[in-house]
Amino acid sequence: MSSSQPRYARIWRGRTKKEKADAYQCYWLATGIDPLIGKGALSVEMLRDDGETEVEFVTISYWDSIEKMAPDGGDPHLTHHLPEDEDYLIEIPERVQILRILESRSRMG
């Protein structure tokens, strides 16, 4: 992979009650997703899985280094809690998954 390609995927998962999902989606987009780009993520995907009573959100951010995920030297596997997480989320995730990207192929431009 070239240096402009992401080398790591950081995966966060959170669940909310169905009746709060639309509001949480707007909140998470504005306060959780947009700042990731400003903090050094190369790109971010926000995914949603609607169940009968709960909705799971999965956010995958792509990075060229693990160090950029935690520039203060902290543990990049720890989540960064947002002020209203407790109002929306069923449980507050403490950790994220970080995977090394071995190969990436796409038919998209």
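## A tour from helix α1 outward

Select helix α1 and colour A21, Y24, Y27, W28, G32, I33 and L36: these residues of the helix are buried. The model you have open is a predicted one.

**The helix and its neighbours**

Keep those buried residues on display and add β1 (8-17), β2 (43-50), β3 and α2. These are the elements that the buried residues of α1 pack against. An α-helix has 3.6 residues a turn, so residues three or four places apart point the same way.

Now check the length of α1. The helix covers residues 21-38, which is 18 residues. At 1.5 Å a residue the expected span is 26 Å, and the end C-alpha atoms are 25 Å apart, so the two values agree.

Next, look along the axis. Where is the kink in α1 centred? Zoom to W28: the kink there is about 40°.

Step past the end of the helix. G40 comes just after α1 and takes a positive phi of about 120°.

**W28 and the core**

Stay with W28 and show its contacts. Leaving aside residues up to four places away in sequence, W28 touches W12, I33, M46, T59 and L82.

Now select the largest nonpolar core, a set of 18 residues. Which residues have the most contacts inside it? They are W12, Y24, W28 and F57. Two or more residues of this core come from each of β1, α1 and β3. The biggest contribution is that of α1, with 6 residues. Apart from this core lies another, of 6 residues, including A9, V58, Y62 and I101. In soluble globular proteins, nonpolar side chains tend to be buried together.

**T31, on the helix**

Go back to α1 and pick T31, which has its place in that helix. Is T31 buried or partly exposed? Its relative accessibility is 32%, so T31 counts as partly exposed. Show the side chain. One of its polar atoms lies 2.7 Å from the backbone oxygen of Y27. Then draw a distance from T31 to I90. The two are 59 residues apart along the chain, and their C-alpha atoms are separated by 18 Å.

**V44, on strand β2**

Move to V44, in strand β2. Its relative accessibility is 21%, and buried means under 20%, so V44 counts as partly exposed. List its contacts, again without residues up to four places away in sequence: V44 touches I33, L36, I37, T59, I60 and S61. Take I33 from that list and draw the C-alpha distance to V44. It comes to 7.0 Å, for 11 residues of separation along the chain.

**R15, on strand β1**

From V44, jump to R15. These two are 29 residues apart in sequence and 18 Å apart in space, C-alpha to C-alpha. R15 lies in strand β1. With a relative accessible area of 25%, R15 is partly exposed.

Show what surrounds it. Not counting residues up to four places away in sequence, R15 touches E54, V55, E56, Y88, L89, I90 and E91. Which of them joins its side chain to that of R15 by a polar contact of 2.6 Å? Select E91 to see the pair.

**S65, in a loop**

Follow the chain beyond β3 (54-63). S65 is found in the loop between that strand and α2 (85-88). Is S65 buried or exposed? Its relative accessible area is 13%, and buried means under 20%, so S65 is buried. Display the side chain and K68 together. A polar atom of the S65 side chain lies 3.2 Å from the backbone nitrogen of K68.

**Zoom out**

Return to a cartoon of the whole protein. It has 2 helices and 4 strands. From the N terminus on, their order is β-α-β-β-α-β. The radius of gyration is 15 Å, close to the 13 Å that the globule rule gives for 109 residues, so the protein is as compact as a globular protein of that length.

Draw a box along the principal axes. The C-alpha atoms fill roughly 45 × 35 × 20 Å. Colour by burial next: of the 109 residues, 35% are buried.

Finish with a contact map. Take contacts between residues at least 6 apart in sequence: 66% of them join residues at least 24 apart.

Key:
Residues are numbered from 1 along each chain as its sequence is written. This is a predicted model: local features need pLDDT of at least 70, side-chain atom pairs count only at pLDDT 80 or more; totals for chains, interfaces and linings use all residues. Side-chain values use heavy atoms; hydrogens and water are left out. Buried means under 20% relative accessible area, exposed over 50%, partly exposed in between (1.4 Å probe, protein chains only). A polar contact is a pair of N or O atoms within 3.5 Å; within protein, one must be able to donate a hydrogen and the other to accept it, and residues adjacent in sequence count only if both atoms are side-chain atoms. The expected span of a helix is 1.5 Å times one less than its number of residues. The bend at a residue is the angle between axes fitted to the seven residues ending there and the seven starting there. Contact means heavy atoms within 4.5 Å. A nonpolar core is a set of buried Ala, Val, Leu, Ile, Met, Phe, Trp, Tyr and Cys residues joined through side-chain atoms within 4.5 Å. The radius of gyration is taken over C-alpha atoms; the globule rule is 2.2 Å times the number of residues to the power 0.38.
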